[in-house]
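Grab your viewer and a coffee. Here are a few exercises to work through with the structure open.

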Amino acid sequence: MDDADYISEFEELLKIKEFSKNSKMKVPLDCTYELIAKALKDEYIENIDEKIRRWVNVTHIMYFENVKPVTYYLQSKMLFRDGFYEASIALSRTVCEMICYDLLSKTPHPFGDLELIEVPIFRVFVNFLAVPKQIKRNIFEKHIIAKIDQLDDKNLIKSSYEVNKSTNSYNFKIVCGQKKSSLERFFEIFKKVGFSDIDTFRNDTHKYLHRVYDIGNKYVHAKEIQNHPQKDATESLNMLAHILSDIYGVKTFPVNKTIKSGYADFPDICKGMNFAIGFALTLSDAQRVYFNLPNQKQIDLMMQTIGTWSGEWKGEKGENQTGILTFFSNSKENLNANLKYRNAKNIEKTEPMEIRLFGNYFHLIGFDEKDMRHKKNEHVLFELEFFNDKMLIGQSTEHQGKVIFKRIK
């Protein structure tokens, strides 16, 4: 509704503030709070597959140095995962500035006290970091200076470098790296003579830093133009992964080093799972942990489901449905299941079920025997767990309806 005159806040949030001020409004307060909580849970579950897909698609590197730019990069990924594309883009732009500040703090530069700079001069910072600080004498004289046609360009390069006889090279005069125009001109001249060596990072990293910043500027300095937030956020994060890998990536597996989960810095968001590295004491357990497989105790418990169960669940339109679930095994290692019930057209059918065990819970996924595929709204999909040895409880993952099965034999 782009033609709407006003934008509304979520009224229930303001009700919470209002009700909390009056002790007599405890019941409305509790009910309103639960309404919001339930809405958040349902909203998050509703498109969980898309969130995981987005998160996976912009994840490329396992280990980084423990520095702030990496921490905020992970935060930008979480914003992207949850669909806040514009916020992710803006934060990715900020990460580029943070990288420059971090690298400048570790090298001589002409910008004085970095903490006193109120407005980051990003282009100057990036190009200063990239401009070659030391060039071999033979290359400088024969492959750069000798190839420059314009006298002004030749004088600019010669006056910006000084010879160091002890190293047989030319060193960049740090004071010459203060101006944006001068730095840009250096790269133009070097490009004309075919000299592509840069400092601090790789050429593609230099290019990507500028590109991520360009994308960010479209949203930070917003104008009436047609943007594509999801596409731009994806491009920014993929380039940022390359940038951070080049500058802070760990090239070999970290042995005898402490490692923390990058998501541990966000306890207000990442509470359900630590998003850390799994570990085990034996080789077989290590394989199980790496592949996220259930342990033997959980497998044995699943095998004990063999038998017949009577079930009831909510259908697509909220109607009660009933059926008979049968678990059976043709060998000690294989477990099969089928569900006999009446579908939405009141036709009785026996549906084969795929079983996927995920530890303390499992999925039952109905499918068509002809093409071996599950079709939404045509086949059932349950997520179940053991309440006890005679009862399974859970929900339909596609309709958010409750499911219960009781053992009958």
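What follows is a short set of tasks on this predicted model, each with a worked solution.

**Exercise 1. Work out which strands close into a barrel, and which helix packs on that sheet.**

Step 1: Follow the pairing around. You get 8 strands closing into a barrel in the order 4-5-6-7-8-9-10-11, with antiparallel pairing.

Step 2: Check the twist. On average, neighbouring strands of this sheet are turned by 30 degrees against each other, direction ignored.

Step 3: Look for the helix. Helix 13 (residues 296–303) packs on the sheet and touches strand 5, strand 7 (348–357), strand 8 (361–366) and strand 9 (381–388). The direction of helix 13 makes about 165 degrees with that of strand 7.

Step 4: Zoom in on one pair. Strand 5 (residues 320–328) and strand 6 (residues 336–342) run antiparallel and are joined by 6 bridges. Across that pair, threonine 326 stands opposite asparagine 338 in strand 6.

**Exercise 2. Is phenylalanine 405 buried or exposed, and which residues does it contact?**

Step 1: Place the residue. Phenylalanine 405 sits in strand 11 (residues 402–407).

Step 2: Apply the cut-off. Buried means under 20% relative accessible area. Phenylalanine 405 has 0% relative accessibility, so it counts as buried.

Step 3: List the company. Skipping neighbours within four places in sequence, phenylalanine 405 is in contact with several residues, among them Trp309, Trp313, Leu325, Leu339, Phe382 and Leu384.

Step 4: Get a sense of scale. Glutamate 115 is 290 residues from phenylalanine 405 in sequence, and their C-alpha atoms are 64 Å apart.

**Exercise 3. Find which strands pair with strand 3, and decide whether its faces are covered or open.**

Step 1: Take strand 1 (residues 134–136). It runs antiparallel to strand 3, with 3 bridges between them. Glutamine 134 has asparagine 171 as its bridge partner there.

Step 2: Take strand 2 (residues 161–164). This one is also antiparallel to strand 3, through 4 bridges, and tyrosine 161 stands opposite phenylalanine 172.

Step 3: Inspect the turn. Strands 2 and 3 form a hairpin with 4 residues between them, and asparagine 168 in the turn has a positive phi of about 55 degrees.

Step 4: Check the faces. In a regular strand, side chains alternate between the two faces of the sheet. In strand 3 (residues 169–172), Ser169 and Asn171 on one side and Tyr170 and Phe172 on the other are all buried, so both faces are covered.

**Exercise 4. How many disulfides are there?**

Step 1: Search the whole structure. The count is 0.

Step 2: Test one cysteine. Cysteine 176 is in no disulfide, and the nearest cysteine sulfur, that of cysteine 100, is 20 Å away.

How values were computed
Residues are numbered from 1 along each chain as its sequence is written. This is a predicted model: local features need pLDDT of at least 70, side-chain atom pairs count only at pLDDT 80 or more; totals for chains, interfaces and linings use all residues. Side-chain values use heavy atoms; hydrogens and water are left out. Two strands pair if DSSP finds at least two bridges between them. Helices (H or I, at least four residues) and strands (E, at least two) are DSSP runs, numbered from the N terminus. Axes are lines fitted to C-alpha atoms, for helices over the stretch in contact, and angles run from 0 to 180 degrees between N-to-C directions. Contact means heavy atoms within 4.5 Å. Buried means under 20% relative accessible area, exposed over 50%, partly exposed in between (1.4 Å probe, protein chains only). A disulfide is a pair of cysteine sulfur atoms within 2.5 Å.
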